[in-house]
Amino acid sequence: MHGCHSNGYIEFKREEIEQSIPSRFARQVRAYSEQVAVETQRHRLTYSDLHRASNGIAQAILTQLGPEDKTVGLMLEQGAPLIAAILGVLKAGKMYVPLQPWLPQNRLDYIVGDSQVRLLLSDSENLALAKSLKNGSLTVLNSDPVQASPDEPEVSVFPEALTYIIYTSGSTGHPKGRVQSHRNVLHMVMNYTNGLHIGTDDRLSLLSTIDFSASVMDIFAALLNGATLLPFDLRREGLVSLISWLREKEITVYHSVPTVFRSLLGLLHGDEDFPRLRMIDLGGETVYARDAELFKKHFGAHCTMVNGLGCTELNVIRQFRIDHDTQIEGGIVPVGYPVQDTEVLLLDENGEQVPAGETGEIVIRSPYLSPGYWRRPDLTQAAFEPVPGVPGLRAYHTGDLGSMHADGSLVHLGREDFQV
């Protein structure tokens, strides 16, 4: 162990991934019980508070569901009760299925049916909508009045158990449910923690809604490291209030898609100061050289920008760091260099590796790829393939294009089929 760094960073050890998310969280509760775990305008929960709130939810879930029921729907506003609900679902040994209240009802009904949700956790605000789904056939639990409890349920959760089903908007046909295991989430948190040196003094933004896998990274990079998570409802509060919020809440690690960051920078006058912000993490879309220039203009030398490549099937694949001295060649910022246990190949249509500088499809090999698509073995088989000669290793074809610099840095060049 490197010991503690100035921000309380402790290396996330490799052996830590062989457990469940709740067991790693319980260790943080013991070590940092009075540290603030989640903070919003309405709530300020310590690790101990969050532990008890999520225990209460886990027990409420277990009184409603039998062991064969695997999924719990979540329809709550962005905030502390949502985070307690996610942890409660995982402590109950179930997986959560995000249901966003703004989606069309037929899509929500499809997700509920496909994911086999019988129990839906909601809050007072969304209760009426939650009760109307599937013609009122679901059990709906309002999490607001659920009593906190000191007792965690005695449920064994194994590292290979599934954590969530995130449905991505199928541009054609029905949305696909992507799943991920506890071990794989912990592996992703390990790479993110050690890559960004996340520690107990960090305050992480949560801007993504929980139907995006980026949210998983923010939530657990905070809560599995004794740091503080700060959910912000971008749809409600808007970009202008995000600027003052980042300053007032002393956010240290900011994470969003480049579009949001770009819009944010467009509103800055140039005299704003973000003294605590040390890390800006962007992912999900192309980052351009001009974004890097704007970053250097608006943020001090103590701040680093990271351009990451991730996907729902793996989350963290590559990272590229930018400081005030970094020179970007060409108009696109690379997505950079490998993280642990993740290999990227660029292949042509014949499955052959392309030389440096040439364009090919980004194919990922890792022991920590998603187990596949929920109840769709056909799609899983089409997207994931075993790697010959390496038992247990699979490759995932992303459908994204890239090229490799001579130094091994990857440039992401968008989708093969040009759909977003």
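How many disulfides does the structure hold? The count in this predicted model is 0 disulfides. A disulfide is a covalent bond between the sulfur atoms of two cysteines. Two cysteines may nevertheless be located with respect to the surface. C303 has a relative accessibility of 1% and therefore counts as buried. C311, at 16%, is also classed as buried, because the cut-off for that class is under 20% relative accessible area.

The aromatic side chains offer a way into the interior. The count of aromatic pairs comes to 10. One of them joins F232 and W245, whose ring centres lie 4.7 Å apart; their planes meet at 45°, so the pair is tilted. F232 belongs to the loop between β10 (228–231) and α8 (234–248), whereas W245 is part of helix α8, so this contact ties together parts that are 13 residues apart in sequence. Both partners are withdrawn from the surface: F232 is buried at 5% relative accessibility, and W245 is buried with a relative accessible area of 6%.

A further aromatic pair, formed by F320 and Y337, is stacked, with 6.3 Å from centre to centre and 25° between the planes. Here the partners come from two strands, F320 from β14 (residues 318–322) and Y337 from β15 (residues 337–338), so the pair ties together parts that are 17 residues apart in sequence. The two residues fall into separate accessibility classes, since F320 is buried at 10%, while Y337 is partly exposed with a relative accessible area of 32%.

Aromatic rings also gather in a group. Y254, F261, F274, F295 and F299 form one aromatic cluster. One member of this cluster, F274, has a charged neighbour as well: R247 lies over the face of F274, at 5.9 Å from the ring centre. A comparable arrangement involves a lysine, for the charged end of K176 sits over the ring of Y373, 4.8 Å from the centre of that ring.

The strand pairings can be followed from β7 (residues 162–168). Of the 7 residues in strand β7, 5 are buried, so the strand is largely enclosed by the rest of the structure. Strand β7 pairs with strand β8 (residues 176–181) in the antiparallel sense, over 6 bridges. Within this pairing, I165 has V179 of β8 as its bridge partner. In a regular strand the side chains alternate between the two faces of the sheet.

Another antiparallel pairing appears further along the chain, where 4 bridges join strand β20 (residues 394–404) to strand β21 (residues 410–415). The bridge partner of D400 is R415 in β21. Together β20 and β21 form a hairpin with 5 residues between them, and G408 in the turn has a positive phi of about 90°.

Backbone angles of this sign also occur outside glycine. Most residues other than glycine have a negative phi, and most peptide bonds are trans. K134 has a positive phi near 50°; this lysine is placed in the loop between α5 (127–132) and β6 (139–142). With a relative accessible area of 32%, K134 is partly exposed. E250, which is not a glycine either, has a positive phi of about 50°. The position of E250 is in the loop between α8 and β11 (253–256), and at 38% relative accessibility E250 counts as partly exposed.

Helix α8 also contributes to an open region of the model. The second largest pocket has a volume of about 740 Å³. Its lining consists of 32 residues, of which R42, H43, G79, A80 and P81 lie nearest the centre of the pocket. Which helix supplies the largest share of this lining? That share, 6 residues, comes from α8. Helices α2 (47–64), α3 (80–91) and α8 each supply at least two lining residues.

A last stop lies towards the start of the chain. I21 is placed in helix α1 (residues 21–31). With a relative accessible area of 0%, I21 is buried. The C-alpha atoms of I21 and M95 are separated by 12 Å, although the two residues are 74 residues apart along the chain.

Note on methods. Residues are numbered from 1 along each chain as its sequence is written. This is a predicted model: local features need pLDDT of at least 70, side-chain atom pairs count only at pLDDT 80 or more; totals for chains, interfaces and linings use all residues. Side-chain values use heavy atoms; hydrogens and water are left out. A disulfide is a pair of cysteine sulfur atoms within 2.5 Å. Buried means under 20% relative accessible area, exposed over 50%, partly exposed in between (1.4 Å probe, protein chains only). Rings of Phe, Tyr and Trp (its six-membered ring) pair if their centres lie within 6.5 Å; planes under 30 degrees apart count as stacked, over 60 as edge-to-face and the rest as tilted. A charge sits over a ring if NZ of Lys or CZ of Arg is within 6 Å of the ring centre and within 35 degrees of the ring normal. Two strands pair if DSSP finds at least two bridges between them. On a 1 Å grid over the protein atoms alone, a cavity is a set of points where a 1.4 Å probe fits but cannot get out, and a pocket is an open set with protein on both sides within 12 Å along at least five of seven lines; lining residues have an atom within 4 Å of a point. Grid points are joined across faces, edges and corners, and a volume is the space filled by probe spheres set on the points.
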